[in-house]
Every structure is written in C-alpha cells, then in structure tokens.
Amino acid sequence: MEEPLLWFCNWSTLAVCAALKLPQISAVLAARSARGISLPSLLLELAGFLVFLRYQCYYEYPLLTFLEYPILIAQDALLLLCVFHFNGNVKGAAPYMALFVVSWFVLPLQKWIMDLAMQE
C-alpha cells in the first residue's frame, strides 16, 4: 500500500508544480502587462528555488525528492522574461539570468558555501 501511495504523491506533486505558475503566466500574456507582479519577490523566489535545487544536487538526494524545482525555476524564468518584456526592457533580464547561472556554479565550489546558503 505504501509504494503506490508514495508514487501517487510524487507524481501528483510534480503535476501540480507543472501547472502552478501557468495561470499567472497566461494572465500576464493575456493582459500584455506585468503590472502587479513584484520583481523583487519573483527574484527572491527564483533564488530560493535555485539554492535549494543546487543543495539537493550537491548532496545527491534522490531525483524525485527535488524534481519539482527545475519545473518551478523554468516557470519563474519565463515569468521574469515576461515581466521584462512587458516593461519594455528584455535586455534588463540578462544580468539576473547571468547571476543565476553563475550562482549555479559558485554555490557548490566549497561545502561551506552550500551550507551557508542553506542556513536559516
């Protein structure tokens, strides 16, 4: 009984995460405006997802324990691009994207960096 329940929980979580940001993305696209979306909160959420995903990869947790984070990161990145596009500054997203890519490689350089990033 435990195995099918665990399988259902894993895959239902992934399904929900795959659709979590889609209503917000579609609303932004339909309105052709990013008004009402907080850029700092979007960046904070994206940074948190990135750090947590990198932590899980670094310590080699099983894939199903963190597979929702790449899905959420992709949706947040798309939302970030929409925000910059509708604000008329797509090139303004480049420094943020570069920062997140560089962070991906810097975080696991030393164990203490990874542990410091995950401290409360």
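The following conversation concerns the helices, nonpolar cores and salt bridges of a predicted model.

Student: How many helices and strands are there in the chain?
Tutor: The chain of this predicted model has 6 helices and 0 strands. Read from the N terminus, the order of elements is α-α-α-α-α-α.

Student: What box do the C-alpha atoms fill?
Tutor: Along the principal axes, the box is roughly 50 × 40 × 20 Å.

Student: And what share of the residues counts as buried?
Tutor: The chain has 120 residues, and 32% of them count as buried. The exposed surface of the chain comes to about 7,900 Å², with carbon and sulfur atoms supplying 69% of it.

Student: Turning to the interior, how many residues has the largest nonpolar core?
Tutor: That core has 23 residues, and Val28, Leu79 and Leu80 have the most contacts inside it. Two or more residues come from each of α2, α3 (39-58), α4 (68-86) and α5 (93-106).

Student: Which element gives the most to this core?
Tutor: Helix α4 does, with 9 residues.

Student: Which residues is Leu79 in contact with, leaving aside neighbours within four places in sequence?
Tutor: Leu79 touches Gln24, Ile25, Val28, Ile37 and Leu42. Apart from the largest core lies another core, of 5 residues, which includes Val51, Tyr55, Leu107 and Met114.

Student: What share of the contacts in the chain, at a separation of 6 or more, joins residues 24 or more positions apart?
Tutor: Such pairs account for 73% of those contacts.

Student: On to charges: how many salt bridges does the structure hold?
Tutor: There are 2 salt bridges. One of them joins Glu45 and Lys21, whose closest N and O atoms are 2.7 Å apart. Glu45 belongs to helix α3 and Lys21 to the loop between α1 (2-19) and α2, so this pair ties together parts that are 24 residues apart in sequence.

Student: Why can such side chains pair at all?
Tutor: Side chains of opposite charge can pair when their charged atoms come close.

Student: Which residue does Lys21 meet in the other salt bridge?
Tutor: Lys21 meets Asp76, with an N to O distance of 3.4 Å. Because Lys21 is in the loop between α1 and α2 while Asp76 is in helix α4, the pair ties together parts that are 55 residues apart in sequence. Through shared partners, the salt bridges join Lys21, Glu45 and Asp76 into one network.

Student: Are these residues buried or exposed: Lys21 and Asp76?
Tutor: Both Lys21 and Asp76 are buried. Lys21 has a relative accessible area of 10%, and therefore counts as buried, since the cut-off is under 20%. Glu45, at 27%, is partly exposed.

Student: How many positive and negative side chains has the chain?
Tutor: The chain has 6 positive and 8 negative side chains, and 20 Å separates the centres of the two sets.

Student: One last residue: where does Leu22 lie?
Tutor: Leu22 is in helix α2, which covers residues 22-31. Its relative accessibility is 43%, so Leu22 counts as partly exposed.

Student: How many Å separate the C-alpha atoms of Leu22 and Phe105?
Tutor: The separation is 28 Å, and the two residues are 83 residues apart along the chain.

Conventions: Residues numbered from 1 in each chain as written. Predicted model: local features only at pLDDT ≥ 70, side-chain atom pairs only at ≥ 80, totals over all residues. Heavy atoms only, no water. Helix = DSSP H or I, 4+ residues; strand = E, 2+ residues; numbered from the N terminus. Buried < 20%, exposed > 50% of the residue type's maximum accessible area, 1.4 Å probe, protein only. Core = buried A, V, L, I, M, F, W, Y, C linked by side-chain atoms within 4.5 Å. Contact = heavy atoms within 4.5 Å. Salt bridge = Lys/Arg side-chain N within 4 Å of Asp/Glu carboxyl O. Areas by Shrake-Rupley, 256 points an atom, 1.4 Å probe, with all protein chains shown as cover. Lys, Arg positive; Asp, Glu negative; His and termini not counted. Charge placed at Lys NZ, Arg CZ, Asp CG, Glu CD.
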